[in-house]
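Student: I'm new to this structure and keep tripping over the labels people use. Could you walk me through what they rest on?

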Amino acid sequence: MARICLALQGGGAHGAFTWGVLDRLLDDDTIEIAAVSGTSAGALNAASLSAGLAGGGRRGAREALHRLWETVSARSPLGAVESSFPFFPFPRSMVHNAIEQVRSLTQFVSPYSAGRPGGNPLRVVVEEAIDLDLLQRQTLVSTFVSATDVEAGSVRVFTGTELTADALLASACLPDVFRAVEIDGRHYWDGGYLGNPVLTPLFTQDHGTSDLLIVQVTPFVRPGVPDTADEIIARVNEITFNTSLMRDLRMLTEMKRLVRDEDLENPVLRQIAALRLHMISAGEELTQRGAVGKLDTRWSELLELRDLGRRATDLWLERHRADIGNRTSLPTEVEALV
């Protein structure tokens, strides 16, 4: 049995790609998930995965993930429109153009402005789709969710009984869309600003494995220089939300190089030296959807993203199954960046 820790990036509706990755991994009974860290959509995936595994094993986890994304779509305006017109499929380009026009009208309007709703529409998704009581009680898979402390500018990692609906909403709280989430007198925004996802708990604690698999949905590289306001803002956000992951990968690879073959007394340094890093990324198909695709919550799109994630995982397992437990297998283009 190969044990792995998972690190799940956020990325709005593109998190359905991660759903597909998890769905495929759960299909493989030779792979055991020991711990999971997630941010934003990755946090919702992590919570569904862990609660599902605790409640019904692999089948329960697959059902929980399906329920999560089905609820995301059903509770979204785009999902509701598509379900109302099942025989009239809307072209992706038309939908994405409409989303961009709406964003252009609202992106400079504060969520605290008069007339903007104060509630968070994701709350009903979290409370309907995720068994929060089971999530907080389960000890099968160590689960970590990160959010950004607005005033301190620091990351907070929630785990165990801290994994409440508010913690998940905080991890997915985009500040230009939602009001900050208050927890114990502190206010939080999306965790992606400081940890997308947070890797530290996966190697500073003993989870019985040195293999860490990152599921990336926000591309490091996007060819071409954006020249429209929307494209510029979108690329800035992509770079921002990847900065922490790039920083952590550079730190880990450099530390692994420095401590290689050393006789280490510090247990954390020993774990870093032994760490084996892996990555499944969405590749060109997801990159072509652009940042606006992260807001496309139509069920047809989410299913397509799930299937894309399953195919990407099939390919990764074909190429790198033997690397689990033996060696790092980061993509060549990622190694070049770090």
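Tutor: Let's go through some labels one by one and set each value beside its cut-off. Keep in mind that this is a predicted model.

Student: Okay, why is Ser40 called buried?

Tutor: Ser40 has a relative accessible area of 11%, and buried means under 20%, so Ser40 counts as buried. You'll find Ser40 in the loop between β2 and α2.

Student: What makes Ser40 and Asp190 a pair worth looking at together?

Tutor: UniProt lists the two under "active site", in an unreviewed entry. They are spread over 151 residues of sequence, yet they cluster in space, with a largest C-alpha distance of 6.3 Å.

Student: How do you know that Ser40 and Asp190 are in contact?

Tutor: Contact means heavy atoms within 4.5 Å. Leaving aside neighbours within four places in sequence, Ser40 meets that with Gly10, Ser171, Ala172 and Asp190. Seen from the other side, the contacts of Asp190 include Ser40, Thr39, Thr148 and Phe241.

Student: And is Asp190 buried or exposed?

Tutor: Asp190 sits in strand β6. Its relative accessibility is 3%, and the limit for buried is under 20%, so Asp190 is buried.

Student: Why is Ala74 called exposed, then?

Tutor: Exposed needs over 50%, and Ala74 has 55%, so the label fits. Ala74 belongs to helix α2. For a contrast, take Ser37 in strand β2: with a relative accessible area of 2%, Ser37 is buried. Among the residues Ser37 touches are Leu6, Phe144, Pro197 and Leu202.

Student: Why is the pair of Phe158 and Tyr188 called edge-to-face?

Tutor: A pair of aromatic rings is described by the distance of the centres and the angle of the planes. Here the centres of Phe158 and Tyr188 are 5.7 Å apart, and pairing asks for centres within 6.5 Å. Their planes are at 75°, and over 60 degrees counts as edge-to-face, so that's the name they get.

Student: What does that pair tie together?

Tutor: Phe158 lies in strand β4 and Tyr188 in strand β6, so the pair links parts that are 30 residues apart in sequence. Phe158 is buried at 1% relative accessible area, and Tyr188 is buried at 2%. A search of the whole structure turns up three aromatic pairs.

Student: How do you know that Arg306 lies over the face of Trp19?

Tutor: For the distance part, the limit is within 6 Å of the ring centre. Arg306 is at 5.2 Å from the ring centre of Trp19, and lies over its face.

Student: What makes β3 and β4 paired strands?

Tutor: Pairing takes at least two bridges, and six join β3 to β4, so they qualify. The two strands run antiparallel. One of the bridge partnerships is Asp149 with Ser154 in β4. They form a hairpin with four residues between them, and Gly153 in the turn has a positive phi of about 65°.

Student: Last one: which helix gives the most to the largest nonpolar core?

Tutor: The largest nonpolar core has 63 residues, and Leu6, Trp69 and Leu168 are among those that touch the most other members. Helix α2 gives the most to this core, with 13 residues. Apart from it lies another core of 20 residues, including Leu202 and Val334.

Note on methods
Residues numbered from 1 in each chain as written. Predicted model: local features only at pLDDT ≥ 70, side-chain atom pairs only at ≥ 80, totals over all residues. Heavy atoms only, no water. Core = buried A, V, L, I, M, F, W, Y, C linked by side-chain atoms within 4.5 Å. Buried < 20%, exposed > 50% of the residue type's maximum accessible area, 1.4 Å probe, protein only. Phe/Tyr/Trp six-rings, centres within 6.5 Å; stacked < 30°, edge-to-face > 60°. Lys NZ or Arg CZ within 6 Å of the ring centre and 35° of its normal. UniProt positions renumbered as here; feature names shortened; annotations may be inferred.
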